[in-house]
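User: I'm new to looking at protein models and would like a close look at one part. Could you walk me through it?

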Amino acid sequence: MNLRVCDSRSLCEPLVEPGLGLRRPYPHFRTPYTPHSQRLAPAKVSSPPLGLSRLLFPFSPSNEASSKWLDAHYDPMANIHTFSACLALADLHGDGEYKLVVGDLGPGGQHPCLKVLKGPTVLTETPLPALPAAAATFLMEQHEPRTPALALASGPCVYVYKNLRPYFKFSLPQLPPNPLELDLWNQAKEDRIDPLTLKEMLEGIREKAEVPLSVQSLRFLQLELSEMEAFVSQHKSKSIKRQTVITTMTTLKKNLADEDAVSCLVLGTENKELLVLDPEAFTILTKMSLPSVPVFLEVSGQFDVEFRLAAACRDGNIYILRRDSRRPKYCIELSAQPVGLVRVHKVLVVGSTQESLHGFTHKGKKLWTVQMPAAILTMNLLEQRSRGLQAVMAGLANGEVRIYHDKALLNVIRTPDAVTSLCFGRYGREDNTLIMTTRGAGLIIKILKRTAVFVEAGGEAGPPAAQAMKLSVPRKTRLYVDQTLREREAGTAMHRTFQTDLYLLRLRAARAYVQALESSLNPVSVTTREPLKLHAVVQGLGPTFKLTLHLQNTSAARPILGLLVCFLYNEVLYALPRAFFKVPLLVPGLSYPLETFVESLNDKGISDIIKVGGPLVLHGEDSESEGDKASDTRYLQPPQPL
């Protein structure tokens, strides 16, 4: 094998192995450091020749001269299986060299481990007892040296590392077991029930009981019949323990909003709870309950002052909690399952399985929606501190990474494989580095150019061009000037005339309303005894029409029974096959249609009014005579037949 040694701060030629051809190149993470006081112009980063760049990065949409990103490293065989929550960037040794922390799931979910990468190479690799759920870096104390600690959530535990050495292990408190399950295992311990009976009774408990089964019982239910007896003999003497697991984790500032302030760990558990841990003693400071299991968390504020916590759960809702609330204060109902949750300033950006991004306020008001060209696989925050920019990165199933500021598209990155995890921040000595892992366990590293400026939708920065255009305001005509003078001189008289016309309009409306009440033309009953609403629809061109009456009970909770409706019409002009209806029970709030047909008998086009008489209500012994009952009449006039 031929090796070539060179300075890591310059682009090196790739390793060449006989028979295998081109191997992955070394990146140029380290650039000569220049103090801020001497940075009068953007530093130039060396780039590979154009031919070599095309050979090493064939997926780049354009050359580096037109792209906002420098292609630093690409390894399709990096063997990294993870997602965005298990990626973190931190200065773990306090030497200014930021490293990448990866909670690796392992191929096929086997052999999970904790990897720490320095540049493109793996610095350390530590096996984990269970699959990782999240990784985060935080400051535990104010003492010097101020090196951050690494927290990795795996199973029911949080493993804390300092200087890449094990420091503390926090385990979730155990939950009380199901009493029926405990009684069954005690009977199995005394050999009073056989394994087959134990399995049947545990399955019944799992389907009906509110308290879930322990891990021991769940493993037993997955066994074959030949393996049950040996499992019972091995575990019947052990005590039943019900342990929940961690589903998500993030950090929350303790009492200061500074970047280097002490932070607390916030854990989401399978038991539908949120736990806030003390950064020094690792005790539970507060506990909050949720209606469902949390899968994504976003926090803002400080624990000792005021904070908001947004939790996206498996029931398709996002719950907002505040400092003094033990239960959710607001709820955002989504139309599909969430696949990511990112907070950009005061906006919660949610990605859903319906291939769309949604923006919400902290009180649940929807601000905007953006449709994606493919399914969203992962999301994360892009924060460019030098320009004060915060945006959302979304990795799509079609191999694109889209960057949005609110609903405006800033940039599109195309990759050779679908991206499953994203992380943006300081890596090595570069402030703006984008790290991506692909579905095929590959690793892609890009560096944002120092001169790059994100512009919305490909336009120019600043105000739109239409803002500088002068409006073609028409010139003042003689008629306009005369009308203005007239309004100034006779303003009082014009106002009085307007008020007089307004009073006349109100008077006519009141008279029409009274006339409608007296002639029963009002579609809504004014009596509280029979609160009804009647709406009639006439359909057809003639000579046969379809007449539909819509009856609705407008009372709050009292149904109406025994209602009779009849049609009064001129039998010389019209014929109705059914002119009398017995209305069924009217439930409050529902509309009941009553249909009949009207046939016009006159061939000269003469029309008349059809009256709907009623209501006639049967009240049994308390009913009044037919002459004493009030009649409610509607006047319908079908169109003239053709």
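How many nonpolar, polar and charged residues are in the lining of the second largest pocket?

Analyst: Happy to help! This is a predicted model, where local features need pLDDT of at least 70, side-chain atom pairs count only at pLDDT 80 or more, and totals for chains, interfaces and linings use all residues. Residues are numbered from 1 along each chain as its sequence is written, and side-chain values use heavy atoms, leaving out hydrogens and water.

The lining of the second largest pocket has ten nonpolar, six polar and five charged residues. Here Ala, Val, Leu, Ile, Met, Phe, Trp, Tyr, Cys and Pro count as nonpolar, Asp, Glu, Lys and Arg as charged, and the others, Gly among them, as polar. In total, 21 residues line this pocket, and those nearest its centre are Val-215, Leu-218, Gln-243, Thr-244 and Val-245. A pocket is an open set of points on a 1 Å grid over the protein atoms alone, where a 1.4 Å probe fits, with protein on both sides within 12 Å along at least five of seven lines; lining residues have an atom within 4 Å of a point. The space in the second largest pocket is about 620 Å³, a volume filled by probe spheres set on the points, which are joined across faces, edges and corners.

Now for the surroundings. Of the chain's 642 residues, 42% count as buried, meaning under 20% relative accessible area with a 1.4 Å probe, protein chains only. The average pLDDT, the predictor's confidence in each residue from 0 to 100, is 79 for the protein chain, and 81% of the residues score at least 70. Over residues 1-62, though, the pLDDT is below 50. Where pLDDT is low, the predicted coordinates should not be read in detail.

Definitions and conventions. Contact = heavy atoms within 4.5 Å. Buried < 20%, exposed > 50% of the residue type's maximum accessible area, 1.4 Å probe, protein only.
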